[in-house]
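Me: I'd like a close look at one part of this model, please. Start from a single residue and work outward, in plain words, with the cut-offs spelled out as you go.

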Amino acid sequence: MGSSRLPGKVLERAAGRALLDHLAERLGAAKRLSAIVVATTRRPLDDVLEAEAARLGLSCFRGSEDDVLERFVLAARAAHADVVVRITADCPLLDPAEVDRVVAAFLAAPLDYAANFAPDDRRIPLGLSVEVFSRAALERAHAEGRAGYHREHVTPYLYEEKGRFRTCVVHPAEDLSHLRLTVDTPEDLAVVRTVLEAIEGDPDRMSLARAARFLAAHPEIARLNASVRQRSFRESDGPARLDGAWAFFRADATPEVGAGHAMRCLAIAEAWVLAGGRAALLGLVPASIAERFAERGIEVHAVPTRIVPGSEADALWLREAAEARGAVVVVADGYAFEARWLATLRGPFVTAYVDDFSQQDLPVDVVLDPNAGGREEGRGVGPKLVLAGARYTPLRAEFGRDAAPARSFERAPLGLLLTFGASDPARLSLLALRVALAIAASVPLRITVLAGPMHPDLDALRALAASTGEGALRPVIVHDTKDVAALFASIDLAVAAAGSTAWELAAMGAPMLLVAVADNQRAVIDPLVTAGAARRIDLEDARNEAKLADAIEAFVRAGPDAHRAMARACLDLVDGRGASRICRALADAAFARAAQRDRKERA
């Protein structure tokens, strides 16, 4: 349902029926299929697709939104299928005889994969593609296929490299590749709808030959989509354009709460704007953080001085502001925003809350739990959708997958970063710098301290760094930099607070020694340590100079092999696409709500 070029296309209607109905009828006429399964996503937008499948008597399997290959594997397992026939749902003019022809060719020879087209040699029209493959080959592709297009387009790993699998292309006798009978754009829909309505009732209406005869007699119809470019299997179907839809965000960044809540909102808001939407942050933030939002085209509005954050007046102010702009989504991130506040916020928009504590029965539409240990289950009544786990860790665009540098960890001095949050609430920076300087007397280190915009000991840090003398190994104090990704790319190891910065470091493949300086940070530190991406030190021990020194020295002396293993674990956890996934899910929820409202108004 979430096609970027034609959302909801499979439920568009032609000749009085949904396109999925036409396809199901044609698949039912194929003689060599034993079952039909609709494999779709878990997104709320696809609830209506599951309902339509049930109406048509079809099985439905729901799985990953992004990893379509995994979705197919799990659907095949659930169906106990030894042989899988892949048909995309945007092919309502599929010829059942073509399905039987390709399946027969697959079964007649010892093959892993058969199709009626090749990427560089197509004779069948787009919209009549048939792929047949063994479950064993699909499982191998799932285990070995790593590229993004392998995961999104399901089968390229099976055919892209000669000799990897036993494959066969069974072309049709006639070359009709000039016809475009798929439904991917409004122009395609116009063509296919016209054909279906024109041949409805004909005895041979399910044959490719009948559709081809009609278009030969009506070339003006065939020309409607002749200029549409088909994307290659290496291209991705990104999130639907948001066409100026408003998303509002509520978060604060103060010395008491830190900057993590606001920075998570910045990542999601940035992704929303990049997808064509408009965004606004409402909150208490320092000027330097407000500038970061503004630089990305995000409006910033300060909470009026008369309003106490987390109060009923706060929720009403946010709701009124969102309604005034016609916002379709409102996201809140902060521990002051409790259940009563969230209930007051509810309005004609989708409400989402970022929850680090696995709370139950929150009165919101969407719960975001972006930590690696986050779980969808156990949320009680209230939220219709839970986005949980590291797949939904929101990182700014600067932390994209390609940003992580290759590190050998073998060249001295090692770059060591010390950073403990925007306001360093545990006051660890000075102590850690003193400890690191002592260790650097025997272990060559290039020390950098990142002090956030509200750091209480900035002057003292600068004085301590200056007192160490001149030279290349003199500590560098970086204050409130905007180019955080470049800074993280320049270091090898990090000693850090286990806040949102830990996920940014993970995305850059930087091994970490982490300390939880707030209760919520245990949700960050535990999965990182379990995955082997980080080591931990308790806050009480971190405040003890001798114990902190022992932990840091053991960390930096662990050796290149241990550091490389930690770096790999970091990159396996976070891929930098979490903010985009969140935006897509929020947009789907908003569009589904709008469609439901439209249906009620028409009723």
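Reply: R396 sits in the loop that runs between β15 (385-388) and β16 (414-419). Helices (H or I, at least four residues) and strands (E, at least two) are DSSP runs here, numbered from the N terminus. Keep in mind that this is a predicted model: local features need pLDDT of at least 70, and side-chain atom pairs count only at pLDDT 80 or more, while totals for chains, interfaces and linings use all residues. Residues are numbered from 1 along each chain as its sequence is written, and side-chain values use heavy atoms, with hydrogens and water left out.

R396 counts as buried because its relative accessibility is 3%; the cut-offs are under 20% relative accessible area for buried, over 50% for exposed, and partly exposed in between, with a 1.4 Å probe and protein chains only. Its side chain has company too: a polar contact of 3.0 Å links R396 with the side chain of E398. A polar contact means a pair of N or O atoms within 3.5 Å; within protein, one must be able to donate a hydrogen and the other to accept it, and residues adjacent in sequence count only if both atoms are side-chain atoms.

The loop between β15 and β16 also holds P413. The peptide bond joining A412 to P413 is cis, with omega at about 0 degrees. For background, most peptide bonds are trans.

Back to R396, which is part of a cavity wall: the lining of the largest cavity is M263, R264, A267, P394, L395, R396, S500 and E504. Two elements, α11 (260-274) and α18 (500-507), give two or more residues each to that lining. α11 gives the most, three residues. By class, the wall has four nonpolar, one polar and three charged residues. Here Ala, Val, Leu, Ile, Met, Phe, Trp, Tyr, Cys and Pro count as nonpolar, Asp, Glu, Lys and Arg as charged, and the others, Gly among them, as polar.

The space in this cavity comes to about 40 Å³. A cavity is a set of points on a 1 Å grid over the protein atoms alone where a 1.4 Å probe fits but cannot get out, and lining residues have an atom within 4 Å of a point. Grid points are joined across faces, edges and corners, and a volume is the space filled by probe spheres set on the points.

The structure holds two cavities of 30 Å³ or more. The second largest has about 30 Å³ of space, lined by H22, R26, L196, I199, E200 and R205. α1 (19-29) and α8 (186-199) each supply at least two of those lining residues. The class split for this second wall is two nonpolar, one polar and three charged.

While we're on unusual backbone, two other loops are worth a glance. H80 is not a glycine, yet its phi is positive, about 55 degrees; it lies in the loop between α3 (68-79) and β5 (83-86), and counts as exposed because its relative accessibility is 67%. S358, not a glycine either, has a positive phi of about 55 degrees. S358 belongs to the loop between β13 (350-354) and β14 (366-369), and is partly exposed, at 44% relative accessible area.

Key:
1 Å grid on protein atoms, 1.4 Å probe; cavity = no way out; pocket = protein on both sides within 12 Å on 5 of 7 lines; lining within 4 Å.
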